[in-house]
Structure formats: structure tokens, C-alpha cells
Amino acid sequence: MKASKVAYKPVGLALGAVSGVVAGALFKQVWKVIGHDEDAPDATDEDRSWQEILLAATFQGAIFAAVKAAVDRGGATAVQRLTGTWPGYVVSI
């Protein structure tokens with residue numbers, strides 16, 4: 001494994017954690033608008049419909065995936081600009 005890939009591992013882990021926090025905050029804001037409720041439903045919320053639970057899960061997954069991809073790509077691009085080498089390794093969380 002190239003040194004740049006090894007050096008990028010901790011950066012990738014940190015970016016993964018940051019992307020999770022950002023995605024969670026973004027989802028909360030989106031759900032307030034589309035769900036007309038402060039909190040998104042959990043799968044075991046007895047008072048919520050299947051439709052509402054699956055809609056929330058779909059939006060949450062899509063937002064998480066998009067934010068993670070954007071943060072990972074941005075991190076790799078920044079590393080390439082700084083080092084001149086593409087890290088080629090992104091840690092999945």
C-alpha cells in the first residue's frame with residue numbers, strides 16, 4: 001500500500017465521522033420541513049404509519065450517502081492538491 005494511502009486512513013476516518021454528524025443535522029432539518037414534526041419516527045414507533053417510517057428511512061439514507069460521498073470526495077481532492085497524489089483509499093463507516 002502506498003504511503004499516501006496509509007497516511008490518508010486517519011483523515012478518512014475523521015471525515016467519515018464528520019460526514020455522519022453533518023448528515024444527521026441536515027436530516028433533522030429536512031425532516032422538520034417534510035415531516036411537519038420535530039423528530040423523525042423510529043421503526044418501532046407504534047403511533048407512526050409504515051409510510052411515514054419508510055419515508056423517513058429513505059430520506060435519511062439518501063442524505064447520509066450524498067453527504068458522505070461529498071465529504072469523501074472533497075477530502076481526497078484536498079489531499080491531492082496538498083500532496084500531488086490521489087489517496088485512493090476512503091474509509092467506509
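This text walks through a predicted model, taking its salt bridges, its aromatic pair and a nonpolar surface patch in turn.

A good place to start is the loop between H1 and H2, which holds both Asp37 and Arg48. These two residues form a salt bridge, with the closest N and O atoms 2.6 Å apart. They are 11 residues apart, and the pair links distant parts of the chain. Asp37 has a relative accessible area of 31% and is therefore partly exposed, since that class covers values between 20% and 50%.

Arg48 has another partner. Glu52 also forms a salt bridge with Arg48, and here the closest N and O atoms are 3.1 Å apart. Glu52 counts as partly exposed because its relative accessibility is 22%. Taken together, Asp37, Arg48 and Glu52 are linked in a network of salt bridges.

A further salt bridge joins the side chains of Lys32 and Glu38, with a distance of 3.3 Å from N to O. Lys32 is partly exposed, as its relative accessible area is 32%. Across the whole structure, a search finds four salt bridges; those described here are among them.

The next feature involves aromatic rings. Searching the whole structure gives one aromatic pair. The pair consists of Phe27 and Trp31, whose ring centres are 6.2 Å apart. Their planes stand at 35 degrees, so the pair counts as tilted; planes under 30 degrees apart would count as stacked, and those over 60 as edge-to-face. Phe27 and Trp31 both belong to helix H1 and are four residues apart, which means that about one helical turn separates them. Are these two residues buried or exposed? Both Phe27 and Trp31 are buried, each having under 20% relative accessible area.

The last feature lies on the surface. Val33, Ile34, Leu55 and Phe59 form a nonpolar patch there, and their accessible area together is about 320 Å². Two elements each give two or more residues to this patch: helix H1, which runs over residues 3–34, and helix H2, which runs over residues 50–83. Val33 is one of the patch residues, and its place is in helix H1. Val33 counts as exposed because its relative accessibility is 59%, and the cut-off for that class is over 50%.

Helix H1 thus appears in two of these features: it holds the buried pair Phe27 and Trp31, and it also gives residues to the nonpolar patch on the surface.

Definitions and conventions:
Residues numbered from 1 in each chain as written. Predicted model: local features only at pLDDT ≥ 70, side-chain atom pairs only at ≥ 80, totals over all residues. Heavy atoms only, no water. Patch = residues over 30% accessible without salt bridge, like charges linked within 9 Å, V, L, I, M, F, W, Y side chains within 5 Å. Areas by Shrake-Rupley, 256 points an atom, 1.4 Å probe, with all protein chains shown as cover. Buried < 20%, exposed > 50% of the residue type's maximum accessible area, 1.4 Å probe, protein only. Phe/Tyr/Trp six-rings, centres within 6.5 Å; stacked < 30°, edge-to-face > 60°.
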